[in-house]
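Hello,

Here is the structure I promised to pass on. Have a look at it first, and then read on for what turned up in it.

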Amino acid sequence: MMRIDILTLFPELFKPFISTSIMGRAIDNNLVNINTHNIRDFAKNKHRQVDDYPYGGGAGMVMAVQPLYDALDHVIGLHDLKPTIIYLSPQGRVLDQAMVADYSRHTNIILLCGHYEGIDQRVIDKYVDQEISIGDYVLTGGELAAMVFVDSVTRLIPGVLGSSDSILEESHTNHLLEYPHYTRPSNYKGDKVPEVLLSGNHKEIDRWRRTQSLKNTLIKRPDMLSKAELSDEDQMLLKELKEHK
Ligand code: ADE
């Protein structure tokens, strides 16, 4: 089972997230074990202060070494294997589906959520294996990024989602966006489902879906196409689609 420990100043933010829907079920089924720890509980000073003014001056506060060293030593001790320690930060490598798939095969992970202007660099130098960003924008803290990481990684753990086929087909796994989906009724107030999907001809349906997937990617995310594995037929379809644009 995968064990994830999250170090944060706001453990209560994670409660609804880890108890709801697919995350809740994955935890109930012992497919993943998620523990949150309040960094403030490790502060030894009188006011349980976790931040301080930056050396050299400047704006903002910095999360101090003592509570973080002690919190990290504590949670590392809870792992029977050497955990991978990840610091969520806008300076990190930007998370993508290949990294998510890679992490879904890890068994021991510690996530460190920062706040204020950042954390004392010595914590990063001494403990952190990888800095990860969830995109090129700045959040007020690492908590939302940690949830994005946990959500995207957990759903790839075998047994968490019903069918593994849907994972292979979904957007970003093969560097293509997915085809459009439809369900009953086939005609709602005159808005109709594409005829081919009602035909029962699976070869035609596959071909239609592949075309839609290529078209969707060409229109919405042409930058992805360079990474996609494309057959000769795909290449021809794309050429046609580009000409008709
Ligand atoms: N903390 C603040 N901004 C962040 C981002 N974009 N990704 C990860 N952690 C962050």
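A nitrogen atom of the ligand sits 3.0 Å from a backbone N or O atom of L139. Please keep in mind that this is a predicted model. Two further backbone contacts involve ligand nitrogen as well: a backbone N or O atom of Y137 lies 2.8 Å from a nitrogen atom of the ligand, and a polar backbone atom of I134 is 3.0 Å from a nitrogen atom of the ligand. On its own the ligand would expose 260 Å², and the protein buries 96% of that.

If you would like to pick out the surroundings on screen, select L88, S89, P90, I132, S133, I134, G135, Y137, V138, L139, G141 and A145, which surround the ligand. By type, this shell divides into 8 nonpolar and 4 polar residues, with no charged ones. Strand 5 (84-94) and strand 7 (130-133) each supply at least two residues of the shell, and strand 5 gives the most, with 3 residues.

Next, the aromatic rings. A pair of aromatic rings is described by the distance of the centres and the angle of the planes. The structure holds 2 aromatic pairs. One of them is formed by Y69 and Y127, in an edge-to-face arrangement with 5.2 Å from centre to centre and 75° between the planes. This pair links distant parts of the chain, since Y69 belongs to helix 3 (residues 65-76) and Y127 to helix 5 (residues 121-127), 58 residues apart. Y69 is partly exposed, at a relative accessible area of 23%, whereas Y127 counts as buried at 9%.

Y103 and F149 also form an edge-to-face pair, with 5.2 Å between the centres and 65° between the planes. Y103 lies in helix 4 (residues 97-103) and F149 in helix 6 (residues 143-154), so this pair ties together parts that are 46 residues apart in sequence. Y103 is buried, with a relative accessible area of 4%, and F149 is buried too, at 0%.

F149 comes up again in the interior. Which residues have the most contacts inside the largest nonpolar core? They are I4, L111, F149 and V150, in a core of 31 residues. Elements that give two or more residues to this core include strand 1 (2-8), helix 1 (15-19), strand 2 (32-38) and strand 6 (108-113). Helix 6 provides the largest share of the core, 6 residues.

Finally, a few backbone details to check when you go through the chain. Most residues other than glycine have a negative phi, and most peptide bonds are trans. Here, the peptide bond from R184 to P185 is cis, with omega near 0°. P185 is found in the loop between helix 7 (165-169) and strand 8 (187-188).

Two residues that are not glycine have a positive phi. For S21, phi is near 55°; S21 is located in helix 2 and is exposed, with a relative accessible area of 57%. For Y116, phi is about 55°. Y116 belongs to the loop between strand 6 and helix 5, and its 36% relative accessibility makes it partly exposed.

Do write back if you would like to go through any of this together.

Best wishes

Definitions and conventions. Residues are numbered from 1 along each chain as its sequence is written. This is a predicted model: local features need pLDDT of at least 70, side-chain atom pairs count only at pLDDT 80 or more; totals for chains, interfaces and linings use all residues. Side-chain values use heavy atoms; hydrogens and water are left out. A residue is near a molecule or strand if one of its heavy atoms lies within 4 Å of it. A polar contact is a pair of N or O atoms within 3.5 Å; within protein, one must be able to donate a hydrogen and the other to accept it, and residues adjacent in sequence count only if both atoms are side-chain atoms. Accessible areas come from the Shrake-Rupley method with a 1.4 Å probe; for residues, only the protein chains shown count as cover. Helices (H or I, at least four residues) and strands (E, at least two) are DSSP runs, numbered from the N terminus. Ala, Val, Leu, Ile, Met, Phe, Trp, Tyr, Cys and Pro count as nonpolar, Asp, Glu, Lys and Arg as charged, and the others, Gly among them, as polar. Rings of Phe, Tyr and Trp (its six-membered ring) pair if their centres lie within 6.5 Å; planes under 30 degrees apart count as stacked, over 60 as edge-to-face and the rest as tilted. Buried means under 20% relative accessible area, exposed over 50%, partly exposed in between (1.4 Å probe, protein chains only). A nonpolar core is a set of buried Ala, Val, Leu, Ile, Met, Phe, Trp, Tyr and Cys residues joined through side-chain atoms within 4.5 Å.
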